[in-house]
Amino acid sequence: MSFDALTAYLDSLDACGIPARDLSVWQDHRQIYRHMSGSADGEKRPVTARDIYWQYSTTKVVCCTAALRAVEDGLLSLDDRVEAYLPAFGKLRVQDGTQIRPAKTPLTIRHLMTMTGGLTYNWNTRPEMIALFENSQADIQDVAAAIASEPLSFEPDEDFQYG
């Protein structure tokens with residue numbers, strides 16, 4: 001299989017203002033193609049396999065795809081409570097005007113995938129939360145507990161909020 005056209009396309013993205021490109025293609029659990037090009041610092045340092053990229057919202061597609069594959073395999077239900085996998089989400093609170101009260105509706109996988117769970121990005125403004133997320137040693141339980149400690153913007157399934 002030739003990846004020449006893909007390589008040419010990736011290299012052409014520099015002219016579109018995309019300074020760094022790193023693409024890996026896997027088949028049957030083995031890497032069959034990898035191409036890195038461009039500048040990791042936006043100027044001179046070439047892209048290497050050790051560079052780290054902030055994925056932000058692109059991870060939503062990957063996570064939802066993985067979850068839906070687990071649903072197809074019978075390993076997960078969209079109506080499963082998040083607390084079954086991340087216990088910190090078992091005692092959620094909701095910001096209700098000036099009051100903070102316990103959530104009435106449990107948070108489910110479906111709420112997370114449809115952005116109807118009430119989760120916010122408020123943790124971006126708290127220094128201790130920023131430090132936790134930037135700490136590469138933090139595990140998923142620590143991060144989940146920190147996110148779950150923030151009040152939801154609304155009761156799960158009552159509204160939509162990108163997050």
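Biologist: Buried means under 20% relative accessible area, exposed over 50%, and partly exposed in between. In this predicted model, is Tyr121 buried, exposed or partly exposed?

Modeller: Tyr121 is placed in the loop between α3 (109-114) and α4 (127-134). Its relative accessible area is 36%, and because buried means under 20% and exposed means over 50%, Tyr121 is to be called partly exposed.

Biologist: Which residues make the nonpolar surface patch of about 330 Å²?

Modeller: One member is the residue just discussed, Tyr121, with its relative accessible area of 36%. Patch members need over 30% relative accessible area, so a value of 36% lets Tyr121 pass that cut-off. The patch of about 330 Å² is made by Tyr121, Phe160 and Tyr162.

Biologist: Which residues of the largest nonpolar core touch the most other members?

Modeller: The largest nonpolar core has 13 residues, and the helices α2 (58-72) and α5 (140-148) each supply at least two of them. Those that touch the most other members are Leu76, Val82, Leu86, Phe89, Leu92 and Leu107.

Biologist: Leaving aside neighbours within four places in sequence, which residues is Leu107 in contact with?

Modeller: Leu107 belongs to the group of core residues that touch the most other members, and some of its contacts, among them Val82, Phe89 and Leu92, are named in that group as well. Once neighbours within four places in sequence are left aside, the residues in contact with Leu107 are Asp80, Arg81, Val82, Phe89, Leu92, Leu112, Gly117 and Pro156.

Biologist: What distance separates the C-alpha atoms of Asp79 and Arg110?

Modeller: Asp79 lies in the loop between α2 and β3 (93-96), and, with neighbours within four places in sequence left aside, it is in contact with Thr108 and Arg110. Although Asp79 and Arg110 are 31 residues apart along the chain, the separation of their C-alpha atoms is 6.0 Å.

Biologist: In the salt bridge between Asp14 and Arg21, which partner counts as buried?

Modeller: A search of the whole structure finds 7 salt bridges, and in one of them the side chains of Asp14 and Arg21 meet at 3.5 Å, N to O. Asp14 has 46% relative accessibility and therefore counts as partly exposed. The other partner is at 7%, so the residue that counts as buried is Arg21.

Biologist: Which residues are joined into one network by salt bridges that share partners?

Modeller: Arg101 forms a salt bridge with Asp96, the closest N and O atoms being 3.0 Å apart, and the side chains of Glu155 and Arg101 meet in another at 2.8 Å, N to O. The pair of Glu155 and Arg101 links distant parts of the chain, with Glu155 in the segment after α5 and Arg101 in strand β4 (residues 99-102), 54 residues apart. Glu155 is buried, with a relative accessible area of 2%, whereas Arg101 is partly exposed at 21% and Asp96 is likewise partly exposed at 42%. The residues that these shared partners join into one network are Asp96, Arg101 and Glu155.

Biologist: Not counting residues up to four places away in sequence, which residues does Ser153 touch?

Modeller: Ser153 also lies in the segment after α5, and at 30% relative accessibility it counts as partly exposed. Its C-alpha atom is 6.6 Å from that of Thr120, 33 residues apart along the chain. Not counting residues up to four places away in sequence, Ser153 touches Gln95, Gly118, Thr120 and Gln161.

Biologist: How far from Cys63 is the nearest cysteine sulfur?

Modeller: A search of the whole structure finds 0 disulfides. Cys63 is accordingly in no disulfide, and the nearest cysteine sulfur is that of Cys64, at 7.0 Å.

Biologist: What is the phi value of Asp157, a residue other than glycine?

Modeller: Another residue with a positive phi is His29, near 65°, which is placed in the loop between β1 (20-27) and β2 (30-38) and counts as exposed at 80% relative accessibility. Asp157 is found in the segment after α5 and also counts as exposed, at 54% relative accessibility. Its phi is positive, with a value near 75°.

Technical notes:
Residues are numbered from 1 along each chain as its sequence is written. This is a predicted model: local features need pLDDT of at least 70, side-chain atom pairs count only at pLDDT 80 or more; totals for chains, interfaces and linings use all residues. Side-chain values use heavy atoms; hydrogens and water are left out. A nonpolar core is a set of buried Ala, Val, Leu, Ile, Met, Phe, Trp, Tyr and Cys residues joined through side-chain atoms within 4.5 Å. Buried means under 20% relative accessible area, exposed over 50%, partly exposed in between (1.4 Å probe, protein chains only). Helices (H or I, at least four residues) and strands (E, at least two) are DSSP runs, numbered from the N terminus. Contact means heavy atoms within 4.5 Å. Patches are made of residues with over 30% relative accessible area and no salt bridge: like charges are joined within 9 Å, nonpolar side chains (Val, Leu, Ile, Met, Phe, Trp, Tyr) within 5 Å. Accessible areas come from the Shrake-Rupley method with a 1.4 Å probe; for residues, only the protein chains shown count as cover. A salt bridge is a side-chain nitrogen of Lys or Arg within 4 Å of a carboxyl oxygen of Asp or Glu. A disulfide is a pair of cysteine sulfur atoms within 2.5 Å.
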